[in-house]
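Q: Could you take me on a close look at the aromatic rings and their surroundings in this structure? I am new to this, so please explain the terms along the way.

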Amino acid sequence: MNKILFSAIALMFATTAMAQLPKIPAAYSNLGYDTNGRLYFENKGEKYFAEEFKNPLTIEQLLGKPEATENGVQMDFGTLKGTVTYGLIPYGKVPHPLPVYRKTVKIEDGKIRLNIKDDFKYPYDFVDWKKNGYLNLGYRIADEQGMLLFDGIVALKGEGPFEVIPAIYEGPFVNMVTDNSAVIWCKTTRPVKAEIEINGKVYKDEQETTLHRWNIAGLTPNTKHNYKVKYGIQSQSYHLKTAPSKGSREAFVFGYASDSRHATGGGERKILGANAYIMKKMAALANMKDVRFMQFTGDMINGYLSSKEQQRVEYSNWKKSIEPFWHYMPYYIGMGNHEALGVIFNDEKGKQQAFIDAFPYETQSAEALFAEEFINPENGPDSEDNNKYDPDPNPKNIDFPSYKENAFYYTYGNVAMIVLNSNYWYAPSIANQTASSGGLHGYLMDNQLQWLRETISKLEKDKNIDHIFLTQHTPAFPNGGHSKDVMWYEGNNEKRPYIGGKPVDKGIIERRDEYLGILINESKKVVGMLTGDEHNYNWLKLTADMPIYPGNYPHKKLNVSRPIYQINNGAAGAPYYGQEVLPWSKHTQSFSVENALCLFYVEGKKITMKVFNPDTLNQIDEVELR
């Protein structure tokens with residue numbers, strides 16, 4: 001009787017534990033949990049279990065849990081080994097404040113102890129911290145091999161003994177600037193009630209928090225507006241410039257680039273996840289050229305992780321690389337394939353068998369983390385739920401991640417920019433094995449495409465918009481580095497997403513043509529596509545005589561009723577790709593593997609593109625688009 005009772009209780013606990021496991025979305029296939037609650041992918045009778053990421057870095061760990069001392073501060077980085085380089089940050093004394101590094105110390109048993117009194121005494125107190133009663137210390141962590149891991153900040157009050165106070169470690173950033181509004185946001189190391197003063201108004205946090213966002217309204221068009229962010233006893237002051245008033249058609253410049261994941265060469269070229277060296281130079285060049293906004297579409301970081309928290313660290317490193325200039329002008333960010341965050345299934349030898357977007361989608365997916373880390377417009381489609389392939393149409397059951405802030409559009413002056421996600425619900429393994437189901441690199445899925453069609457129609461009717469640009473990470477026509485995937489797959493139209501174990505109707509080339517047909521034949525305002533993924537700069541003009549199909553292509557072909565451009569600029573610091581020979585190679589212009597920033601000079605109905613190398617400042621190209 002006792003054995004029966006014990007077995008019943010054990011079964012009850014096991015059943016309860018299994019019920020608490022995340023529900024596997026119906027859009028996936030061949031996934032399950034074993035009796036121990038371990039997630040597995042099964043293929044051809046073999047089970048492969050989800051990877052457990054060992055010792056992921058976290059923002060909390062890298063912020064160092066600072067504690068004030070009599071002479072300065074001590075910090076604890078857990079199990080990290082390496083060095084910390086540190087120096088004062090001259091807020092208020094320079095327009096683009098960065099740490100001025102002075103000393104390096106070795107991390108001992110995960111800890112460092114800094115003597116502020118001695119390190120920054122006269123004549124090294126160039127920020128007047130003794131007079132002001134506080135200071136901000138920027139620090140840079142490197143591992144034992146010298147690779148840079150993180151740029152952090154700690155703020156201290158007093159002259160000794162000291163007190164740790166809140167610091168802004170990301171931001172303030174300017175986003176979503178219109179002719180009369182903007183969003184400004186930042187993150188602090190400790191919870192604090194912060195506020196912003198702009199245009200004679202004060203916007204305050206309702207409660208203490210570490211994420212601060214202020215929706216600013218009532219601004220004057222085409223005007224410089226000073227703003228001041230106050231947090232505790234500190235403040236930072238910058239400015240933004242609003243967009244031209246609707247219909248004015250005043251001239252402005254915007255910039256475009258993509259692909260800044262970390263590269264070789266050491267130093268800031270490889271801060272964990274990002275090529276901060278080129279990104280910082282790119283942002284400085286954009287600032288010098290009076291760029292009004294930057295569009296950056298994907299592969300900011302190395303990504304491809306199964307640790308949400310370590311991917312958050314990589315995003316932070318990317319944001320910090322351009323932070324001194326993001327104080328003033330907005331950056332709009334799109335997703336690429338390297339923003340992949342998922343569940344990885346390996347065999348016993350460590351070889352990857354499947355990689356899918358993580359779930360529950362609301363908190364763990366690549367799309368969810370992206371929405372947490374960036375602020376973009378929320379006017380895109382909802383998700384791919386309730387498309388004709390959805391295996392579980394019950395609205396309470398979520399089978400796909402959200403498009404929130406990863407597919408959207410915005411306008412600036414007489415230009416509209418539509419940002420698409422061509423790596424939605426991305427399963428990197430799906431191109432080679434389809435058993436898990438998932439999204440395909442380069443594929444625009446049904447609901448997103450329908451939203452695009454509706455958005456184009458709306459913008460065509462908007463009398464204040466003259467020019468429409470599309471941007472997605474993957475080129476429609478690869479030229480160097482990605483002929484085996486994007487929207488081409490070496491001419492193999494069989495490549496497509498799988499949902500619930502079944503392929504969707506249209507292959508990648510059919511979907512490419514459907515997409516291009518909307519841009520060409522349902523719009524007169526679309527100038528072209530801004531793409532990346534391939535780490536080079538080039539452009540081509542799609543015309544009716546450009547060959548775009550493999551031999552004996554059996555499906556309906558695209559009607560190119562008017563030309564549009566593809567401008568590829570994946571040259572923001574990722575390792576370069578050389579040019580390949582493809583059907584449209586004779587139409588490819590200005591191919592370059594230099595680092596590049598595309599600047600678009602909009603003057604009413606006229607647009608001229610100029611391309612510069614941000615490292616050397618030489619001009620690479622100039623093209624009159626309209």
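A: Here is a walk through the rings, followed by the nonpolar cores and one helix.

First, some ground rules: this is a predicted model, where local features need pLDDT of at least 70, side-chain atom pairs count only at pLDDT 80 or more, and totals for chains, interfaces and linings use all residues. Residues are numbered from 1 along each chain as its sequence is written, and side-chain values use heavy atoms, leaving out hydrogens and water.

The structure holds 39 aromatic pairs. Rings of Phe, Tyr and Trp (its six-membered ring) pair if their centres lie within 6.5 Å; planes under 30 degrees apart are stacked, over 60 edge-to-face, and the rest tilted. Take Tyr40 and Phe49: their planes stand at 70° with the centres 6.1 Å apart, so this pair is edge-to-face. Tyr40 has 12% relative accessibility and counts as buried, while Phe49, at 26%, counts as partly exposed. (Buried means under 20% relative accessible area, exposed over 50%, and partly exposed in between, with a 1.4 Å probe and protein chains only.)

Now compare a stacked pair: Tyr332 and Tyr410 are 3.7 Å apart centre to centre, with 10° between the planes. Tyr332 belongs to strand 21 (residues 331-334) and Tyr410 to strand 24 (residues 408-412), so the pair ties together parts 78 residues apart in sequence. Strands (E, at least two residues) and helices (H or I, at least four) are DSSP runs numbered from the N terminus. Both Tyr332 and Tyr410 are buried.

Rings can also meet charges. The charged end of Arg102 sits over the ring of Tyr124, 3.7 Å from its centre, and Arg512 lies over the face of Tyr549 at 5.4 Å from the ring centre. The rule here is that NZ of Lys or CZ of Arg is within 6 Å of the ring centre and within 35 degrees of the ring normal.

Next come the cores. A nonpolar core is a set of buried Ala, Val, Leu, Ile, Met, Phe, Trp, Tyr and Cys residues joined through side-chain atoms within 4.5 Å. The largest has 87 residues, and Phe254 and Phe600 are among those with the most contacts inside it. Strand 10 (residues 148-157) gives the most to this core, with 6 residues. Apart from it lies another core, of 67 residues, including Tyr409 and Trp425.

Finally, look at helix 6: 18 of its 19 residues are buried, so the helix is largely enclosed by the rest of the structure.
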